[in-house]
Structure formats: C-alpha cells, structure tokens
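Subject: The structure I promised you

Hi,

Here is the structure for you to open while you read. Have a look around first, then go through my notes below.

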Amino acid sequence: MTSPSSGAGICPRLRRVKIAVARETRDGESRVALVPELVGKLTALGYDVAVEPGAGLHALIADEEYAGAGAVLDADAVVDADVVVSVQPLEAATIRRLRRGASAISFLPTATEQPTVVELRDAGVTAHAVELIPRISRAQSMDALSSQALVSGYRCAIVAAGMLRRFFPLNMTAAGTVQAAEVVVLGAGVAGLQAIATSKRLGAIVRAYDVRAAAAEEIRSMGAKSIDLDLDTLEGAGGYAREMTEDRAARQRELLTPFIAAADALITTAAVPGRQAPMLVTAAMVEQMKPGSVVVDLAAETGGNVEGSVAGEVVRIGNAQVWGGRNVPSQMPGPASKLYAQNVVNLVTLMTATGEGSAEGGGTFAPDFDDEIVAGSCVTHDGAIRHEPTRAALEGAS
Ligand code: NAD
C-alpha cells in the first residue's frame with residue numbers, strides 16, 4: 001500500500017514519521033483511537049497516518065472516511081509504524097510485529113496487564129499509558145480518564161432512566177400530576193457529576209454523596225442536593241478519595257440506608273485509585289428499595305459498589321433490577337472515540353518537536369522525557385520498565 005509521502009521525489013527527503021491506528025481486537029471494545037476529523041491535525045504536524053482497515057467499524061466510521069481525511073488504509077499499518085495508537089492495550093501478537101523503538105499509546109492498566117507490560121519491555125517498545133498521565137492542569141486536554149468518565153456518567157443516567165418504568169421529570173397534566181423520580185448518586189467525581197447533571201436535565205430529583213470535602217459544593221453546583229452524613233471527609237493524595245476503614249464503611253452504609261430505600265434509581269460511581277471499588281451498598285440495603293427500583297453500578301467491573309452486581313449483566317436483588325457496568329464508554333463509541341482521539345492527538349502534539357531536523361510539515365516525534373506528562377505516562381522504554389510500581393511488582397526490589 002502506498003503512503004502519501006512515498007511518491008517519487010526528486011530530492012531525497014527525511015522519512016515522515018508514521019502513526020498507525022490499530023483495530024481494536026478485545027472483546028466488547030467498540031471505540032477507535034483516532035477519528036477521521038482529527039487525521040488532519042496529525043498530518044499538519046508532519047505525520048503520515050495509516051489505519052488498519054475496519055478500525056472504526058464498531059464506532060460507525062467507514063474506512064473511506066479515514067481515506068478521505070488523508071489517511072492510508074493498510075492491514076500492516078503497525079509493522080513499520082513509529083507510533084501505534086489504540087484504546088485497549090495491544091495484543092502480544094501485535095506487539096511482536098512492532099519495530100524496536102516504536103511507541104505505543106493506549107490505556108494500559110498495569111496491575112492487570114503485567115504480561116502485556118513484559119511483552120512491551122521485551123519488544124523494546126516505548127509504551128505510554130494514558131491513565132498514568134498526571135492530572136495537572138496542563139494535561140487536562142490529554143486526560144482520557146476524565147473524557148471517558150464523562151461518557152460513562154452520562155450513559156449511567158440514561159440507562160437508569162431507560163430501565164425505570166416511570167418518568168424522571170415531574171409531569172403536571174390535565175389528567176393529574178406524576179411526581180418526579182428520586183435519584184441517588186454515590187461518588188461525585190467526573191462520572192458521578194455527569195450522572196447528576198444528566199439526571200437533573202431529565203428532570204429527576206437528585207441527591208448525591210461523596211467522601212471528598214470539595215464534592216458537596218460540586219454536587220450543589222449541578223443543582224442536586226448534597227447528602228450530609230455528618231462523617232469525616234476522606235481526602236487522599238492528589239485530591240482523590242482515601243480508602244475507608246471497615247468501621248467508617250459500616251457507619252456510612254447505615255446512614256445511607258434510608259436515602260437508598262427512598263430512591264427510585266441508585267447510580268454508584270465511587271472509586272479509590274489503585275484499590276478495588278469500595279462496597280457502599282449491601283444486598284440488604286438494595287432489598288429495602290421499592291418495587292420497580294433500578295440500580296446502576298458503574299464500578300461493577302472493578303469490584304462493585306453494590307453487593308451482588310455483575311459486570312455486563314442485569315441481576316435482580318429484592319425489588320430492584322441491578323445493572324452492572326462493563327466497558328461503559330464503549331457503549332457510546334462515537335463520542336467516546338472522538339474525545340479519546342482528541343486526548344491522544346493532544347498527547348502526540350506534546351511529544352512533537354518542531355524545528356531543524358524535523359520532517360516536512362514541521363514536526364517530528366521526539367518525546368521529552370524530562371516532561372512530567374511524558375515521563376509520568378511512560379511504562380516501558382528502551383527495554384526497561386519505567387513505571388516503578390510495575391517494575392517492582394515484576395522484577396522485584398532494585
Ligand atoms: P475516581 O474515579 O477515582 O472516583 C470517583 C469518585 O468516588 C470520587 O469523587 C471519590 O471521592 C468517590 N469516592 C471514593 N470512595 C467513596 C466512598 N466511600 N463513598 C462515596 N464516594 C466515594 O475520581 P475521578 O472522577 O477521577 O476524580 C476525582 C477527583 O479528581 C475529583 O476531585 C476531580 O475533580 C479531580 N480531577 C481533577 C482533574 C485535573 O485537575 N486535571 C481531572 C480529573 C479529575
């Protein structure tokens with residue numbers, strides 16, 4: 001397959017850096033790491049873009065749209081690529097096809113993907129995990145955790161509204177009044193706030209709780225009521241939540257019970273970085289909910305905020321239907337891909353150097369490892385594991 005830069009040139013010129021978009025192969029993944037409308041951003045920086053055929057299929061993006069935007073469709077796109085972008089970590093077989101020194105940008109949950117990290121190390125690939133990008137203000141435009149959490153939060157509210165066999169909004173009609181649904185949201189980070197905002201837009205009465213001190217104001221700013229349990233707040237490093245002691249967890253569950261019993265829909269989005277999701281709601285608490293109630297547990301995949309929830313399934317607990325989230329951003333692949341692709345393009349832009357020695361178009365791929373975003377997101381480089389907790393877990397004390 002011919003790339004736009006490989007036509008017969010009179011003068012020898014620098015080989016343009018090639019960015020390959022991998023077709024996702026993992027079960028249930030519908031997103032794609034680059035959308036056609038952003039191809040031009042990369043070519044303007046001086047890159048060639050090659051896309052594996054069918055990469056956008058599940059996000060309803062046809063190959064022709066990539067070609068029309070200036071990308072090359074190539075089943076072997078990754079083989080001589082300088083940078084491979086994907087949503088999920090690359091499969092071992094794909095990693096073995098990359099050239100040594102190539103870079104890979106994707107989600108890469110190091111705790112559960114240790115065999116992938118070993119493959120990347122041994123293949124001499126420089127791997128950047130988007131979830132390790134430090135959450136500093138300069139990196140906000142690259143923050144894929146936030147962009148995908150926003151999609152998840154919206155989806156959770158829509159799922160709850162769709163499953164509930166009653167209106168979210170108050171309806172005052174000539175035939176009488178139908179009261180608004182009551183929604184409780186637990187965890188008011190990026191996903192929780194989006195679930196609150198969406199439930200409010202649909203007209204529900206929303207109450208929410210989070211352990212962080214700043215959350216109460218954020219909840220109120222969305223027009224929801226903040227649940228005050230009169231418990232200590234739990235701030236950890238970087239503005240994230242800390243893990244609860246078992247006593248604190250039990251007390252929190254006890255105090256939340258009446259709020260959950262009164263809710264028509266419960267949406268849970270609580271997480272503690274590096275830990276299993278906290279169990280906030282027992283099956284006994286769900287059993288107190290009214291007939292027809294709905295529970296949406298976004299954390300089902302990482303341990304569950306709700307006892308008994310199952311990722312990717314709807315189970316019945318007492319009177320409630322309990323929906324367990326599984327790769328929730330992938331359930332809205334269009335917007336999730338677009339936002340993720342923008343995060344990736346912004347990261348690649350940060351890693352692009354301009355000036356002398358750069359390829360035609362002005363830029364060349366030259367990540368600056370003194371930059372905290374580049375260094376912080378790097379898992380493997382030059383045959384070594386750079387992410388210290390992962391290195392220690394795999395290779396032992398240094
Ligand atoms: P997260 O996904 O790690 O957790 C989701 C929410 O669950 C958090 O708000 C957390 O406080 C809450 N939680 C944890 N344990 C709980 C419990 N026992 N009960 C109730 N709630 C519990 O968090 P996130 O959405 O990624 O964001 C967390 C924080 O980071 C927020 O303050 C957010 O504003 C901030 N943030 C900052 C940036 C940035 O500066 N660039 C970007 C994104 C998020």
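**A strand with two faces**

In strand 14, the side chains take turns: Val315 and Ile317 point to one face and are buried, while Val314 and Arg316 point to the other face and are not buried. That fits a general habit: in a regular strand, side chains alternate between the two faces of the sheet. Keep in mind that this is a predicted model.

Strand 14 has a partner, strand 15 (residues 320–324), and the two pair in the antiparallel sense over 4 bridges. If you look across from arginine 316, you'll find glutamine 321 in strand 15 standing opposite. The two strands make a hairpin with 2 residues between them, and glycine 318 in the turn has a positive phi of about 60°.

**The sheet it belongs to**

Now zoom out. Strand 14 sits in an open sheet of 7 strands with mixed pairing, in the order 11-10-9-12-13-15-14. Which strands are at the edges? They are strand 11 (225–226) and strand 14 (314–317), each pairing on one side only.

Further in, strand 9 (residues 182–186) and strand 12 (residues 265–268) pair in the parallel sense, over 4 bridges. Valine 184 stands opposite leucine 266 in strand 12. Lying across strand 9, strand 10 (205–209) and strand 12 is helix 6 (residues 190–201), which runs at about 165° to strand 10.

**The other sheet**

There is also an open sheet of 8 strands, again with mixed pairing, and its order is 3-2-1-4-5-6-18-19. Strand 3 (72–73) and strand 19 (384–385) are at its edges with a single partner strand each, so one side of each has no neighbour in the sheet. Strand 2 and strand 3 run parallel and are joined by 2 bridges; valine 51 stands opposite leucine 73 in strand 3. Helix 10 lies across strand 1, strand 2, strand 4 and strand 5 (103–106), and runs at about 145° to strand 5.

**What's packed inside**

In soluble globular proteins, nonpolar side chains tend to be buried together. Here the largest nonpolar core has 40 residues, and Leu34, Leu42 and Ile105 touch the most other members. Several elements supply at least two residues each, among them strand 1 (17–21), helix 1 (39–44), strand 2 (47–51) and helix 11 (372–377). Helix 10 gives the most, with 6 residues.

What does leucine 42 contact, leaving aside its neighbours within four places in sequence? The list is Ile19, Leu34, Tyr47, Val49, Val345 and Val348. A second, separate core has 28 residues, including Val184, Val211, Leu266 and Met289. You've met two of those already: Val184 and Leu266 are the pair facing each other in strands 9 and 12.

**Two helices crossing**

Try finding helix 4 (residues 114–122) and helix 12 (residues 388–395), which pack at an angle of about 95° with their axes 11 Å apart. They are therefore roughly perpendicular to each other. Gln114, Val117, Val118 and Arg121 from helix 4 meet Thr390, Ala393, Leu394 and Glu395 from helix 12. By class, this contact has 4 nonpolar, 2 polar and 2 charged residues.

**One last residue**

Alanine 93 lies in helix 3 (residues 92–95). Is it buried or exposed? At 52% relative accessibility, alanine 93 counts as exposed, because the cut-off for that is over 50%. Its C-alpha atom is 9.2 Å from that of glutamate 119, which is 26 residues apart from alanine 93 along the chain.

Cheers

Conventions
Residues numbered from 1 in each chain as written. Predicted model: local features only at pLDDT ≥ 70, side-chain atom pairs only at ≥ 80, totals over all residues. Heavy atoms only, no water. Core = buried A, V, L, I, M, F, W, Y, C linked by side-chain atoms within 4.5 Å. Buried < 20%, exposed > 50% of the residue type's maximum accessible area, 1.4 Å probe, protein only. Contact = heavy atoms within 4.5 Å. Pairing = 2+ DSSP bridges. Axes fitted to C-alpha atoms, helices over the stretch in contact; angles between N-to-C directions. Parallel < 35°, antiparallel > 145°, perpendicular 65-115°, else oblique. Nonpolar A, V, L, I, M, F, W, Y, C, P; charged D, E, K, R; others polar.
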